[in-house]
Amino acid sequence: MRWSPAEVRYWAMASSPFTTDRRRHLAAMRLAAQCITPGERRSPGQVVRSMLAIQGKDLPGARWSIGLRGIGLTEDEVAAAFDAGDIVRSWPMRGTLHVTA
């Protein structure tokens, strides 16, 4: 007998030691660790410094990541931070984009 993907997911969840509350708590902890939670408004430079650096596959993704973590940041504010040199993009290894402040 072969199980469907839905059955596999069901049994994986049913046999998991993590309750729904525990899963929610773990998810909240992951979001907080990635700075993707409500908080104070920060500049693009502050966002990047708080993460040490931002890694991305491409520039639009890295810019989105910075905007996501900076409450109320606009695309223009992130672009202006790049233009002013407050944050810097580089490709130091494997073609992966890195943003530092």
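What share of the contacts in the protein with a separation of 6 or more is accounted for by residues 24 or more positions apart? In this predicted model, such residues account for 46% of those contacts. The protein contains five helices and three strands, and from the N terminus on its elements follow the order α-α-α-β-α-α-β-β. Of the 101 residues in the protein, 22% are buried, while the accessible surface amounts to about 7500 Å², with 58% of it belonging to carbon and sulfur atoms.

The three strands are connected through E3, which spans residues 96–100 and pairs with strand E1 (residues 54–56) in the antiparallel sense over three bridges. Within the partnership of these strands, Gly56 stands opposite Leu97 of E3. Strand E2 (residues 88–93) also runs antiparallel to E3, to which it is joined by four bridges, and here Arg89 has Val99 in E3 as its bridge partner. E2 and E3 form a hairpin in which two residues lie between the strands, and Arg94 in the turn adopts a positive phi of about 55°.

Strand E3 is mostly covered, in that four of its five residues are buried. Thr96, which has its place in this strand, has a relative accessible area of 12% and is therefore classed as buried, given that the class requires a value under 20%. When residues up to four places away in sequence are not counted, Thr96 touches Gln55, Gly56, Ser90 and Trp91.

The largest nonpolar core comprises 12 residues, namely Val47, Val48, Ile54, Ala62, Ile66, Leu73, Val78, Ala81, Phe82, Ile87, Leu97 and Val99. At least two residues of this core are supplied by each of helix H3 (44–51), helix H4 (59–69), helix H5 (75–84) and strand E3, with H5 giving the most, at three residues. Leu97 and Val99 are thus named twice in this account, since Leu97 is the residue opposite Gly56 and Val99 is the bridge partner of Arg89, and both are members of the core.

Leu73, another member of the core, touches Arg41, Arg42, Ser43, Pro44, Val47, Ile66, Gly67 and Val78, again without counting residues up to four places away in sequence. Among these contacts of Leu73, Val47, Ile66 and Val78 are themselves listed in the core.

Note on methods. Residues are numbered from 1 along each chain as its sequence is written. This is a predicted model: local features need pLDDT of at least 70, side-chain atom pairs count only at pLDDT 80 or more; totals for chains, interfaces and linings use all residues. Side-chain values use heavy atoms; hydrogens and water are left out. Buried means under 20% relative accessible area, exposed over 50%, partly exposed in between (1.4 Å probe, protein chains only). Two strands pair if DSSP finds at least two bridges between them. Contact means heavy atoms within 4.5 Å. Accessible areas come from the Shrake-Rupley method with a 1.4 Å probe; for residues, only the protein chains shown count as cover. A nonpolar core is a set of buried Ala, Val, Leu, Ile, Met, Phe, Trp, Tyr and Cys residues joined through side-chain atoms within 4.5 Å.
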